[in-house]
Amino acid sequence: MLDLFADEKPWHEPLASGAVILRRFAFESAPALLRAIAVTARLSPFRQMVTPGGYTMSVAMTNCGHLGWTTDQHGYLYSPVDPLTGAHWPPLPEVFAELCQQAATAAGYPDFKPDACLINRYTPGAKLSLHQDKDEPDLRAPIVSVSLGLPAIFQFGGLRRSDPLKRVLLEHGDVVVWGGNSRLFYHGVQPLKTGYHPLTGDCRYNLTFRQAGKKE
Ligand SMILES: O=C(O)CCC(=O)C(=O)O
């Protein structure tokens, strides 16, 4: 796929109060981020989690960092241990931490210290239904979300599920940061369209950085 924006410098696109899209912010570091995803996935493989309601998620997930987002029959939780391997989640790669710190700072959240990174892998048809990120104890910390590979349509709404949705195309290297007034806004990803990206083939990856424990 020809990327018409490959030579453009990153630019900011406001999304909502407290939320911004940093277009192409991760473009340069993308190859290193993808290598680190592959290393992480060798230690804690991608898996399709089953929700407490018994639904198998279409997005495959793994985690790195001190805490990882996962599910069990009781609900959603952050755990230091990968339930699939019984070992701790792999550490947050340096290239992840650096990119996240730079993006959070560029978006106006210079103190953000993520302790959890959820890695989402979308294949054609995979989607994430509208949801709020509300399993984290300290909602003052923002979310930093990095898109890699195939483009996808990201939906961003408001505090109620029924609020009107903005639909934005997120492309390779785009980073969305939301916090403050929009920290609990509903968001989701529409089913991935079939395509080919030179770095990820038929996939889209997303890194979602969060502070899931108490601030150190
Ligand atoms: O894949 C994305 O762009 C968003 C991911 C997301 O909303 C999440 O992991 O909670």
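Start by selecting Cys-64 and Cys-117 in this predicted model. Cys-64 stands opposite Cys-117, which belongs to β6. Now widen the selection to the two strands around them. Strand β3 (60–65) and strand β6 (residues 116–122) pair in the antiparallel sense, over six bridges.

Stay on β3 for a moment. Is this strand mostly covered or mostly open? It's mostly covered: six of its six residues are buried. Color its two faces separately and you'll find Ala-60, Thr-62 and Cys-64 on one side, with Met-61, Asn-63 and Gly-65 on the other. Both faces are covered.

**Next stop: the ligand**

Select the ligand and show what lies around it. How many residues surround the ligand? There are 13, and the closest are Tyr-122, His-131, His-187, Arg-204 and Arg-210. Try picking out a few side chains by their N or O atoms:

- Tyr-122: a side-chain N or O atom sits 2.5 Å from an oxygen atom of the ligand.
- His-187: here the distance from a side-chain N or O atom to a ligand oxygen is 3.1 Å.
- Asn-206: a side-chain N or O atom is 3.3 Å from an oxygen of the ligand.

Turn on the surface, too. On its own, the ligand has 290 Å² of accessible area, and the protein covers 98% of it.

**Next stop: an open sheet**

Select β7, β12, β9 and β10. These four strands form an open sheet in the order β7-β12-β9-β10, with antiparallel pairing. Which strands are at the edges? They are β7 (128–131) and β10, and each pairs on one side only. Look along the sheet and you can see the strands turn: neighbors are rotated by 20° against each other on average, direction ignored.

Zoom in on β9 (residues 152–156) and β10, which run antiparallel and are joined by five bridges. Within this pair, click on Gln-155 to find it opposite Arg-167 in β10.

**Last stop: the charged pairs**

Side chains of opposite charge can pair when their charged atoms come close. The count for this model comes to ten salt bridges, so let's visit a few of them, using the rule that a side-chain nitrogen of Lys or Arg lies within 4 Å of a carboxyl oxygen of Asp or Glu.

Select Arg-23 and Glu-13. Their side chains meet in a salt bridge, 3.0 Å from N to O. Arg-23 is in strand β2 (residues 19–23) and Glu-13 is in strand β1 (residues 11–16), so the pair links parts of the chain ten residues apart. Why is Arg-23 called buried? Its relative accessibility is 8%, and buried means under 20%. Glu-13, at 27%, counts as partly exposed.

Keep Arg-23 selected and add Asp-174. These two side chains also meet in a salt bridge, at 2.7 Å from N to O. Asp-174 is in the loop between β10 (166–170) and β11 (175–178), 151 residues from Arg-23 in the chain. At 0% relative accessibility, Asp-174 counts as buried. Now add Arg-24 and Glu-171: together with Glu-13, Arg-23 and Asp-174 they are linked in a network of salt bridges.

Finish with Arg-47 and Asp-82. Their closest N and O atoms are 2.8 Å apart in another salt bridge. Arg-47 is in the loop between α1 (30–43) and β3, while Asp-82 is in the loop between β5 (75–79) and α2 (94–106), 35 residues away. Buried or exposed? Both Arg-47 and Asp-82 are buried.

Notes:
Residues numbered from 1 in each chain as written. Predicted model: local features only at pLDDT ≥ 70, side-chain atom pairs only at ≥ 80, totals over all residues. Heavy atoms only, no water. Buried < 20%, exposed > 50% of the residue type's maximum accessible area, 1.4 Å probe, protein only. Pairing = 2+ DSSP bridges. Axes fitted to C-alpha atoms, helices over the stretch in contact; angles between N-to-C directions. Near = heavy atom within 4 Å. Polar contact = N/O pair within 3.5 Å; in protein donor to acceptor, adjacent residues only side chain to side chain. Areas by Shrake-Rupley, 256 points an atom, 1.4 Å probe, with all protein chains shown as cover.
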